[in-house]
Amino acid sequence: MKEQPEKYQLADLILMEMDGMLSDEQFEILQEKIRSNPAALRYYVEFMRLHATFSQPGETVFLGIGESDLSDISSALNAMARYERQALAVEEEKPEEPLRPKEVVKIEYKMPKSSVRTLIFSLAAMLIFAVTVWFLPDRSTDIMTVAVLTDSAGAQWQGQDNLPMVGDVLYQGPMTLTRGFAEITFEKGAKVVLEGPASVELTDINKMILREGKLFAKVPTGAVGFAVDTPDASMIDLGTEFGAHVSAARSDLYVMDGKVALRAGSPAQTDTVRLQEIVTTGLARRVTAGGDRIQPITGSQEHFQRHIPLKHLVAYWNFDKDVSNIQGNSRFDGRVVGQNVSVSDEDCAVGVGALRVADDGQEPSYLAVDASPVVPRQEIYTAVAWYKYKDIGLDGSDVRNFIFETTPYWSMSFGILDGRGGKVAQWYVSSTRELAYRNEIEDGPLVDDGQWHHAAVIWNQTAGTIKYYHDGELLHTRAIGPRETLKFTDSFHIGYHRGYDSGTEGVKSRRNWDGYIDEVAVYDIELNATQVKALYDKSYSNQSIHAGNVLKFVN
């Protein structure tokens, strides 16, 4: 923008919009100026940022002001002052009585709204400039704390070491959420809900890069200017709620409320004219790969997860019809392995079907769940199952038979083993510190009686306990150390244990299930004693209770 009068005209349009005086025709003029001139978008963003920042009395704010910002801010303040001078004068009412000599007269001045705003902006801007120039430390070489992980659900991060937990501070740098959901709150107040898989980089206290995946951002007034860069676009918030979806082919923007400044092209293209547009409430835009086009798109805004999903029941297999997870998340659907596993109606604990596994001493038959509902660093889990041991093939059974296990490590597992003249129930939990927790043969219940039994294994890192319930009664409680975490896991097996090298010519020990399994479920809370008992009783206060509805009816 080379001509100063043009910048004043742009400022007038922006100020009229802020005062709610902009017509539809004038708004189109404003949009066209922003589309056709890269400097106009920057100017617009600075106006909106100043307005949001200094409209919060009593709130401490920080503007990342660089030398290139100063001219735009100064110009904005000058334009506000000029806008004020053009405002209509406010006439004062003449007093009804003549003034008395030597009497102090109190005159009330009615100051236009724009005048008040200009005064506040000017004083605040001068203070910010002084603080910025003289007192702020040089952060150019520091790794900054930029955000906090404020919530998550089923979150699994790439890598096994130093994975973030809820409440942890987050530093500048890349992060990859392989699955689940994570809420990140930036220091300036912007909240972002990531949906895995997503690859991001946190770059500043009010800025991030979304390289791939989906996010929803809610930006309060104090964080206006929050920016999300993608490989092909920049999205600069102007006080709003918006969603972003990025893949190799496009960067999509959905504005749920407010306005977002969208710039096409790589953010690194600082010396190139980039397509740009202000996207308003209810609209969506797509920037194609390479950033050479902005195009309108349609699509449901409901595709974005605006809050961390309701937790508690993570996965649930009732085996009434098939081996799918009936919670609706296909990642936890079962996959049949082997010839001797099926859903059968010949015997079940709850409903009309159960998983039937007949070990024939040959290749294992079991149910594989390729994405484990039990993930590392999650602090609380409850895993429950009904099971009935039976040598279906009448050909003998393994020394151990597992109902469920996490893999590749046995973070949470449950099965039975030979002991005390029969089959004894045993739970097993493994931590990242290579500590193994389990009950001994001597204190496990005998379960080879041809009856259905119910098990509940609970890991509660927050409380520092492991609990095991058998047939609705608490049998074991073990203490775990502070900051003890479950061992890494990435998949889940029902009716099978991978076994281990016995040391005899590479022979693997076999730990395959024989019998029936029903109502397997994983929760990310600790079920209390009343809830576990209700699952075993199958009823509570005249309600039919199963793993899928126990939280609804039992407190």
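## Strands and a surface patch

Strands are DSSP runs of E with at least two residues, and they are numbered from the N terminus. With that in hand, welcome to this predicted model. A good place to start is strand S2, which covers residues 169–171 and holds valine 169.

Valine 169 has a relative accessible area of 41%. Because partly exposed residues lie between the 20% and 50% cut-offs, valine 169 counts as partly exposed. Together with Ile143 and Tyr171, Val169 forms a nonpolar patch on the surface. The accessible area of these three residues together is about 310 Å².

## The chain as a whole

Let us step back to the full protein chain. Its secondary structure comes to seven helices and 30 strands. The chain has 555 residues, and 51% of them count as buried. Its accessible surface comes to about 26700 Å², with 50% of that belonging to carbon and sulfur atoms.

How do contacts link residues along the sequence? Taking contacts between residues at least 6 apart in sequence, 61% join residues at least 24 apart.

## Enclosed spaces

Rolling a probe the size of a water molecule over the atoms shows where empty space is left. How many cavities of 30 Å³ or more does a search of the whole structure find? There are two, and the largest cavity holds about 50 Å³ of space.

The lining of this largest cavity is made up of Arg400, Asn401, Phe402, Gly415, Ile416, Leu417, Gln426 and Tyr428. Three strands each give two or more residues to that lining: S20 (400–408), S21 (412–419) and S22 (422–430).

## Backbone details to look for

Most residues other than glycine have a negative phi, and most peptide bonds are trans. Here are some places to look at with that in mind. The peptide bond from glycine 196 to proline 197 is cis, with omega near 0 degrees. Proline 197 sits in strand S4, which spans residues 191–204.

Phenylalanine 319 is not a glycine, yet its phi is positive, near 55 degrees. You can find phenylalanine 319 in the loop between strand S14 (313–317) and strand S15 (335–337). Is phenylalanine 319 buried or exposed? With a relative accessible area of 0%, phenylalanine 319 is buried. Lysine 538 also has a positive phi, of about 65 degrees, although it is not a glycine. Lysine 538 lies in the loop between helix H6 (529–537) and strand S29 (539–540), and at 34% relative accessibility it counts as partly exposed.

Conventions:
Residues are numbered from 1 along each chain as its sequence is written. This is a predicted model: local features need pLDDT of at least 70, side-chain atom pairs count only at pLDDT 80 or more; totals for chains, interfaces and linings use all residues. Side-chain values use heavy atoms; hydrogens and water are left out. Patches are made of residues with over 30% relative accessible area and no salt bridge: like charges are joined within 9 Å, nonpolar side chains (Val, Leu, Ile, Met, Phe, Trp, Tyr) within 5 Å. Accessible areas come from the Shrake-Rupley method with a 1.4 Å probe; for residues, only the protein chains shown count as cover. A salt bridge is a side-chain nitrogen of Lys or Arg within 4 Å of a carboxyl oxygen of Asp or Glu. Helices (H or I, at least four residues) and strands (E, at least two) are DSSP runs, numbered from the N terminus. Buried means under 20% relative accessible area, exposed over 50%, partly exposed in between (1.4 Å probe, protein chains only). Contact means heavy atoms within 4.5 Å. On a 1 Å grid over the protein atoms alone, a cavity is a set of points where a 1.4 Å probe fits but cannot get out, and a pocket is an open set with protein on both sides within 12 Å along at least five of seven lines; lining residues have an atom within 4 Å of a point. Grid points are joined across faces, edges and corners, and a volume is the space filled by probe spheres set on the points.
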